[in-house]
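Here is a quick tour of one protein chain, going from the overall fold down to a few individual residues. Keep the viewer open while you read.

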Amino acid sequence: DVARLCRRAHQMDPPVRAVFHVAGVSVDVVLPEMKPESLFEVADCKARGAWFLHQHSLSLPLDHFVCVSSIASLIGGLGMSSYSSAN
């Protein structure tokens, strides 16, 4: 989907000048019960999504490439340890 959207972006007028990566997945689990799989599931969409966007938007005339985090990285709630870690 990312490759298709970036190819389509080349045809737009005015051209696409910015990419905003705001993906997020939340798996609610308290820290003592968190398993590596839950952290991977949450972090994967952020890391892999950013990499795919980077790879496929290299040929676009971008002024901005923005990856958005969440305030949860600083003040996450109970059960949000994997989400907070990913941010």
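## Overall build

In this predicted model, buried residues make up 25% of the 87 residues in the protein. As for secondary structure, there are four helices and two strands, and reading along the sequence gives you the pattern α-β-α-β-α-α. The radius of gyration is 16 Å, well over the 12 Å that the globule rule gives for 87 residues, so the protein is more spread out than a compact globule. The C-alpha trace tells you its dimensions too: about 50 × 20 × 15 Å along the principal axes.

Contacts are worth a look as well. Take those with a separation of 6 or more: 69% of them are between residues 24 or more positions apart. On the outside, the protein exposes about 6000 Å², and carbon and sulfur atoms supply 61% of that area.

## A residue on the inside

Now zoom in on S57. Helix α2 covers residues 36–57, and S57 belongs to it. Is S57 buried or exposed? Its relative accessible area is 5%, under the 20% cut-off, so S57 is buried. Leaving aside residues up to four places away in sequence, S57 touches C6, V19, L62 and F65.

## The nonpolar patch

Over on the surface, F20, V22 and V68 make a nonpolar patch of about 290 Å². One of these residues, V68, is found in the loop between β2 (64–67) and α3 (72–75). V68 has 37% relative accessibility, which is why it counts as partly exposed.

## Cysteines without a bond

How many disulfides does a search of the whole structure find? The count is zero. C45 is in no disulfide, and the nearest cysteine sulfur to its own, that of C67, is 12 Å away. Seen from the other side, the closest cysteine sulfur to that of C67 is in C45, and 12 Å is too far for a bond. A disulfide would need the two sulfur atoms within 2.5 Å.

How covered are they? C45 is partly exposed at 22% relative accessible area, and C67 is partly exposed at 47%. Here are the accessibility values for the residues picked out above:

| Residue | Relative accessible area | Class |
|---|---|---|
| S57 | 5% | buried |
| C45 | 22% | partly exposed |
| V68 | 37% | partly exposed |
| C67 | 47% | partly exposed |

Terms used: Residues are numbered from 1 along each chain as its sequence is written. This is a predicted model: local features need pLDDT of at least 70, side-chain atom pairs count only at pLDDT 80 or more; totals for chains, interfaces and linings use all residues. Side-chain values use heavy atoms; hydrogens and water are left out. Patches are made of residues with over 30% relative accessible area and no salt bridge: like charges are joined within 9 Å, nonpolar side chains (Val, Leu, Ile, Met, Phe, Trp, Tyr) within 5 Å. Accessible areas come from the Shrake-Rupley method with a 1.4 Å probe; for residues, only the protein chains shown count as cover. A salt bridge is a side-chain nitrogen of Lys or Arg within 4 Å of a carboxyl oxygen of Asp or Glu. Buried means under 20% relative accessible area, exposed over 50%, partly exposed in between (1.4 Å probe, protein chains only). The radius of gyration is taken over C-alpha atoms; the globule rule is 2.2 Å times the number of residues to the power 0.38. Contact means heavy atoms within 4.5 Å.
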